[in-house]
Amino acid sequence: MDEDTRYEAVSSRDARFDGEFFFAVATTGIYCRPSCPAVTPRRKNVRFFPSAAAAQGHGFRACRRCRPDAVPGSAEWNARADVVGRAMRMIGDGVVDREGVPGLATRLGYSTRQVQRQLTAEVGAGPVALARAQRAHSARVLLQTTSLPVTEIAFASGFASVRQFNDTIRQIYARTPSGLREEAGTRATEPGVTAAAGIPLRLAYRGPYATKETFDLLAGEAVACVEEIVGEPGARTYRRTLRLPHGTAVVAVDEAAPAHTAARQGWLDARIHLSDLRDLTTAVQRLRRLFDLDADPYAVDERLGADPRLAPLVARTPGLRSPGAADPDECAVRALAGRDGAAALVESYGKRLDVPCGTLTHLFPEPAALAGHPDPQLAALAAALADATLRLDAGADRDEAARILRTLPGMAEATVAVIRTRALGDPDVGPAEGEYAWRPWRSYARRHLQVEAGRGK
C-alpha cells in the first residue's frame, strides 16, 4: 500500500488494516489504529508507521480512544519465512525478554547488528523497541484487569526496573501506571497477592471469524487431562494446561463472540491462570497462534474465493481459520501418536499439576520424557526435539524443520504436512491440487475441504 491508499483506509476507518499499519498525527503527538473513530486528521499532518514500536520510537503516544496497542498482529509476520518474519514471531513469544537480543540473533543464525538492521529497515524499530512495546501492552493489561501491586506488574511484564516501567508507561500512554489503573477502576492489593481468578483478556482478531469450525476441530482433537471443551455448541469454552518458560498455566477461551462476529473486528474472551506472571506475554501469543487470530481473512477469502471449486465453500464459511498449536513440540508428538496414543502418553508420562483445575490435571509430557519410549518412531521424534536437532519454536526455519522431519523413521508425508501446518503455523501447506491458484493460502484451502468433507458425514 502506498501512503495515499493508507490515508483512504484511515478516512474510511477501515478495520481491515488494524495492525497492518499505524498512523500518527504530528499536531497532537498521538498514534492510532486505522479504524480510530476520532475525526480524520488532515493528510499533511499524518505519518504512517509499520508497527506500534516505530510510532513510539518517533515520540508518539498511544491513543486512549482506539487503543492501538490492542489490535491483532500483522498477518505478514506469520506468513513470512524469512529472518524478519521469524524474528517477529520470536519477539512475540518473549525471546528478547528471556534471552536478550544476542539470544534472538543466535536463534536466527545472524549477528545482532544484522538483526537490528533488517528489523529497523522493514518494521521501523529494532528488537529492543519491539519487545518494549510488547512489555508496555502487557503492563497495561495487568494494570487494568488485575489488582496486583504496581511493583509486581513491572517485573511480571518484563521490565528490568520500576523506574524503567514508569518511564515507559508515561511515554507510551501519557499516563502514570496509577492513572491507567484509575481509568479502569481497578485497585491495587497488598504485595504478594496473586490474580486467583485469572487474568481476563480480549483476544482481538480482524474480519469475520468462523468460531464454530475452530471449536469443532479443537473438540475433536481434545486429549483428556490436558484439554477439554465444556458447554453447548455456540457457547462452548476451550480449556487446557500449558507449560511455559517460567511456570505453568490453565487457559480458557470462549466460543461465544460479540454480536458483530461477522463484522470487521471482534475478539474472543479468554482467562489465563498463571503460576508465574512473567509468562503472560508468551501465554497470550501461544493462544493467538492456536486460534490463528492474526490471520487476514480478507486476503485469504479473496484469493480462494476466486477459484470455482472453493468459491461456494468460502461463501458458506467466511473467516475460516487454520488453527496452529499452543505447544509446537506437543503438536508434533500428537500428530504422530494420534489422539488415543496421545492420551496414553499423558497418562504414563505426563506431569501432574500441583493444583488440578477440574478435569485438567496434567501437562503434556516434555520430549525428553519420551526419548526412551519403546516405540522407535516416537522415540526418534522425541529425541530430535529434546536435543534441538529439530526445532519447531516460533522462529524455526520451516523448510529446515520439514527436511529433518522427513529423515525420521516412520514419518509419513501427511504427518509432516500436519506438523508444518499446525506446529509451524505455515499458511501455505498443500494439498497439491490448486498448487498455484490457492497460493499462498493452501493451508486454508485444506481447511475448507476438511470442513466440507465433515458436513457430508
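**Notes on a predicted chain**

1. Ala388 first: its relative accessibility is 46%, so Ala388 is partly exposed. For the classes used throughout, buried means under 20% relative accessible area, exposed means over 50%, and partly exposed is what lies in between, with a 1.4 Å probe and protein chains only. Ala388 sits in the loop that runs between α17 (376-386) and α18 (398-407). Its phi is near 65 degrees, a positive value in a residue other than glycine.

2. Some ground rules before going on. This is a predicted model, where local features need pLDDT of at least 70 and side-chain atom pairs count only at pLDDT 80 or more, while totals for chains, interfaces and linings use all residues. Residues are numbered from 1 along each chain as its sequence is written, and side-chain values use heavy atoms, with hydrogens and water left out.

3. Arg13 has a backbone story like the one above: phi is positive, about 50 degrees, and Arg13 is not a glycine. You'll find Arg13 in the loop between α1 (3-11) and β1 (22-25). With a relative accessibility of 34%, Arg13 counts as partly exposed.

4. Now the overall picture. The protein chain has 20 helices and 11 strands. Its radius of gyration is 22 Å, close to the 23 Å from the globule rule for 457 residues, so the chain is as compact as a globular protein of that length. Here the radius is taken over C-alpha atoms, and the rule is 2.2 Å times the number of residues to the power 0.38. Helices (H or I, at least four residues) and strands (E, at least two) are DSSP runs numbered from the N terminus. Along the principal axes, the C-alpha trace spans about 65 × 55 × 50 Å.

5. On packing and surface: 54% of the 457 residues count as buried. Take the contacts (heavy atoms within 4.5 Å) with a separation of 6 or more: residues 24 or more positions apart account for 65% of them. The chain exposes about 19,300 Å², and carbon and sulfur atoms supply 52% of that. Areas come from Shrake-Rupley with a 1.4 Å probe; for residues, only the protein chains shown count as cover.

6. Charges, briefly. There are 60 positive and 55 negative ones, and their mean positions are 5 Å apart. Lys and Arg count as positive, Asp and Glu as negative, and His and the chain ends are not counted. Each charge is placed at NZ of Lys, CZ of Arg, CG of Asp or CD of Glu.

7. How many aromatic pairs are there? The count comes to 9. One of them joins Phe22 and Tyr31, edge-to-face, at 6.2 Å centre to centre and 75 degrees between the planes. Phe22 and Tyr31 are both buried. For Trp441 and Tyr444 the ring centres are 5.9 Å apart and the planes at 80 degrees, so this pair is edge-to-face. The rule takes rings of Phe, Tyr and Trp (its six-membered ring) as paired if their centres lie within 6.5 Å; planes under 30 degrees apart are stacked, over 60 edge-to-face, and the rest tilted. Ring pairs also link Phe17, Phe21 and Phe48 into a cluster.

8. Staying at the C-terminal end, Trp441 counts as buried at 14% relative accessibility, and Tyr444 as buried at 5%. Worth a look while you're there: the peptide bond from Arg439 to Pro440 is cis, with omega near 5 degrees. Pro440 belongs to the loop between α19 (413-422) and α20 (442-455).

9. What does α19 pack against? Its buried residues pack against α11 (211-221), α15 (328-349), α18 and α20. The helix is mostly covered, with 7 of its 10 residues buried; among them are Val416, Ile419 and Arg420.

10. Two spots inside helices to finish. Thr168, in α9 (residues 162-173), is buried at 4% relative accessibility. Not counting residues up to four places away in sequence, Thr168 touches Arg132, Ala136 and Phe159. Gly85, in α4 (residues 83-92), is buried with a relative accessible area of 0%. Leaving aside neighbours within four places in sequence, Gly85 is in contact with Trp77 and Arg80.
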